Amino acid sequence: MSRNLFPFASRFSTGSSSCSMSIVVLSVVGCLLMLHLYSLVSQPYIQNKEIHAGMSSHPLLLKLEAVEEENIKMPRQRRHSPRSAKRKPRHTTTLIDEFLDESSPIRHIFFPDMKTAIDPNKDAGNDSLYYYPGKIWLDTEGNPIQAHGGGVLFDERSRTYYWYGEYKDGPTYHAHKRGAARVDIMGVGCYSSKDLWTWKNEGIVLAAEGKNETHDLHKLNVLERPKVIYNDKTGEYVMWMHIDNANYTKASVGVAVSDSPTGPFYYLYSKRPHGFDSRDMTIFKDDDGVAYIIYSSEDNSDLHIGPLTEDYLDVTSVMKRILVGKHREAPALFKHGGIYYMITSGCTGWAPNKALAHAAKSILGPWNTLGNPCIGGNEVVRFTTFFSQSTYVLPFPRLPGLFIFMADRWNPANLRDSRYVWLPLTVGGTANQRPLEYNFGSPLWSRVAIYWHKRWMLPDIWRKKK
Ligand code: GAL
């Protein structure tokens, strides 16, 4: 008997009509599946095109979405002694090593000196209103702005922006040999502005406690990441912040309140929200007036999110765990087109790391991770979030899709000299750019992108539309 080399072919050629029927059915199902897959994959591009078409009406916005490369030249390998000069260096220094090294010959690239400071008092001419991420930024009295780990509140009543943050204008030291670099608590700094560029110092609106050592705000403790929202029902400005002791084991949130955006704020109390440890945190006020707290918990392995009470002075019993086991911190939450977005960092103390963007249909989750939103610079710049860490994302309700990404470029050798990295963040993106790291889950999300620029300004229309 000869062997049948083509069993399928012979079966088909001699086959019955039921067999050819199943082929037809299978082919139709296959085609339908392919079509469905194609529509899933192409949907985000269509979405992007629509959103972008709405936004791209102003050429300046396109400018903000331009990809700007950064060519940072590494210094020649440094050799410490004539002997070691003969030896091959054990490892090549990376750009991140240079950033973390106070004596790096390219330190000025990451921490430009006072001569290059942004100074609203100087007739800046063509430079007026331009942001220079990483440069020293002076207030209207000529002093470097002290509002680290901060956030911005737009006060509808005075039509003024208020920037609150950690006032760190003191010496940096280590409380313990292995402890993180720190500055004693001085309080929460507040600056006001109409144009988001010229900032007037409104003083310390929540001050440290000098004498009482048991007080949360005693200078030897920790006060980080203060954020303020306005409660329309009570007419009060409510501040939430991370409260800790010097070794970060208290892991609590603190609440303070004022009837004026410029304080003074009265400190109410601290607690472990929902009974859990809480370190990096932020608050978010939704369009319906419900406010939420988001905090890194369970030793920074998860984020927790839950609504505040109506007066914003406490948490409720509702809490959801999100990004479980992902070890994210420095959360900055914002909303666009009914979808919630969040930028987070990894947990590496003062050292920079890779940001991630996340999105959710419901604020309590589930949250999907979209990937690294950073665009431009170079690979290291993108991998280190432009050598900075997220703290807040500021919306422009009348320019939907455009936000300011606010981040801190920490200087652990001298924390008071930490810099601000403000960059344009857009949701939607351009139709011809593929999403960075694409998530094939459903629903499909718009692209969140933060664009590196050495120098940039908000589009003029923003000022006219205010
Ligand atoms: C970071 C955190 C900062 C500060 C720092 C201390 O992870 O985001 O807010 O707490 O650690 O090392």
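Two strands count as paired when DSSP finds at least two bridges between them. With that in hand, here are two exercises on this predicted model.

**Exercise 1: the open sheet**

Work out the strand order of the open sheet of 4 strands, and explain why S15 and S18 each have one side without a neighbour in the sheet.

*Solution.*
- Step 1. Begin with the order: the open sheet runs S15-S16-S17-S18, and its pairing is antiparallel.
- Step 2. Now look at the edges. Strand S15 (329-336) and strand S18 (368-371) each have a single partner strand, so one side of each lacks a neighbour in the sheet.
- Step 3. Add the geometry: on average, neighbouring strands of this sheet are turned by 30 degrees against each other, direction ignored.
- Step 4. Zoom in on one pair. Strand S16 (residues 339-345) joins strand S17 (residues 356-360) through 5 bridges in the antiparallel sense. To find your place in S17, look for Ala357, which has Ile343 opposite.

**Exercise 2: the largest pocket**

Describe the largest pocket: how much space lies in it, and which residues are closest to its centre?

*Solution.*
- Step 1. The largest pocket holds about 1300 Å³ of space.
- Step 2. It is lined by 50 residues, and those closest to the centre are Glu156, Lys285, Asp287, Pro395 and Pro397.
- Step 3. Sort the lining by character: 26 residues are nonpolar, 8 polar and 16 charged.
- Step 4. Trace the lining back to its elements. Those supplying at least two residues each include strand S1 (148-155), strand S7 (222-231), S15 and helix H8 (460-465). You met S15 in the sheet above, as an edge strand.
- Step 5. Finish with the domains: domain 1 (46-71 + 91-134 + 328-466) and domain 2 (145-325) each give at least three residues to the lining.

Conventions
Residues are numbered from 1 along each chain as its sequence is written. This is a predicted model: local features need pLDDT of at least 70, side-chain atom pairs count only at pLDDT 80 or more; totals for chains, interfaces and linings use all residues. Side-chain values use heavy atoms; hydrogens and water are left out. Axes are lines fitted to C-alpha atoms, for helices over the stretch in contact, and angles run from 0 to 180 degrees between N-to-C directions. On a 1 Å grid over the protein atoms alone, a cavity is a set of points where a 1.4 Å probe fits but cannot get out, and a pocket is an open set with protein on both sides within 12 Å along at least five of seven lines; lining residues have an atom within 4 Å of a point. Grid points are joined across faces, edges and corners, and a volume is the space filled by probe spheres set on the points. Ala, Val, Leu, Ile, Met, Phe, Trp, Tyr, Cys and Pro count as nonpolar, Asp, Glu, Lys and Arg as charged, and the others, Gly among them, as polar. Domain bounds come from an automatic or database domain assignment.
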